[in-house]
Amino acid sequence: KDAAEISLKDIDQLAKSSFPLCMRHMLDKLRENHHLKHGGRMQFGLFLKGAGLKLEDALAFWRAEFSQKVGSERFDKEYAYSIRHNYGKEGKRTDYTPYSCQKIISATPGVGDHHGCPYRHFGEENLRAALNRMGVSGHALEEIMDKVKNRHYQLACTLTFEATHGVSCDSGINHPNQYFSESQKILRD
Ligand code: SF4
């Protein structure tokens, strides 16, 4: 199978093994609410595109969730366009690039938004619980929380990568798609 292609049926498994916390969180919320607001659809949609999800699969993925909330007719009318747009198939046909950590960290998610960087935008209790669910606890967890306190969000994410993969990540995390591809490299070896 092509290393730079992911398919619809693998998304949940890949999220558990290789998505950074920001993207796991959005997948959880999408599955829970069958909806994501604009900021989330952009951040998560472009990440999935960068991870190798093809346009047809992306449309099927979003339609499966959104149709449970707004119906498939409304999905096709109001949401499908912007997904094709993100893939450069509508409007100016720009091929949009996935967001970097820097861009995600500087976002200002409002009430009901689930985009942004959990290390920056979650409260302490929420973040601890989310990291616990990723299997991070004890000394590693305290080190991560220490980075967060000092506003070193990407370092906190790098430490999470190291704790969950059992290897060091010398380059550091600066992009969610880099997190994903480095994880896949390790897990495929
Ligand atoms: Fe996502 Fe980057 Fe934040 Fe990690 S540091 S959770 S990859 S935005």
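Start with the empty space: this structure has 2 cavities of 30 Å³ or more. A cavity here is a set of points, on a 1 Å grid over the protein atoms alone, where a 1.4 Å probe fits but cannot get out. Grid points are joined across faces, edges and corners, and a volume is the space filled by probe spheres set on the points. Bear in mind that this is a predicted model, where local features need pLDDT of at least 70, side-chain atom pairs count only at pLDDT 80 or more, and totals for chains, interfaces and linings use all residues. Residues are numbered from 1 along each chain as its sequence is written, and side-chain values use heavy atoms, with hydrogens and water left out.

The largest cavity has a volume of about 110 Å³. It has 14 lining residues (an atom within 4 Å of a point), and Cys22, Cys101, Cys117, Tyr119 and Cys157 are the closest to its centre. Helix 2 (21-33), helix 6, helix 10 (153-165) and helix 11 (176-188) each give at least two residues to this lining; helices are DSSP runs (H or I, at least four residues), numbered from the N terminus. By class, the lining holds 13 nonpolar, 1 polar and no charged residues. Nonpolar covers Ala, Val, Leu, Ile, Met, Phe, Trp, Tyr, Cys and Pro, charged covers Asp, Glu, Lys and Arg, and the others, Gly among them, are polar.

So what sits in there? The ligand does, in the sense that more than half of its atoms lie within 2 Å of the cavity's grid points. Around the ligand (a heavy atom within 4 Å) you'll find Pro20, Cys22, Cys101, Ile104, Cys117, Pro118, Tyr119, Cys157 and Pro176. That shell has 9 nonpolar, no polar and no charged residues, with helix 6 (101-105) and helix 7 (118-121) each supplying at least two of them.

Now for the cysteines. A search of the whole structure turns up 0 disulfides (cysteine sulfur pairs within 2.5 Å). Cys169 is in none, and its nearest cysteine sulfur, that of Cys157, is 8.8 Å away. Cys169 counts as buried (under 20% relative accessible area, 1.4 Å probe, protein chains only) because its relative accessibility is 5%. Cys22 is buried too, at 10%.

The largest pocket, an open set with protein on both sides within 12 Å along at least five of seven lines, holds about 350 Å³ of space. Its lining has 16 residues, with Leu21, Arg24, His25, Asp28 and Arg133 nearest the centre. Helix 2 gives the largest share, 8 residues, and the lining divides into 6 nonpolar, 2 polar and 8 charged.

Note on methods
Buried means under 20% relative accessible area, exposed over 50%, partly exposed in between (1.4 Å probe, protein chains only).
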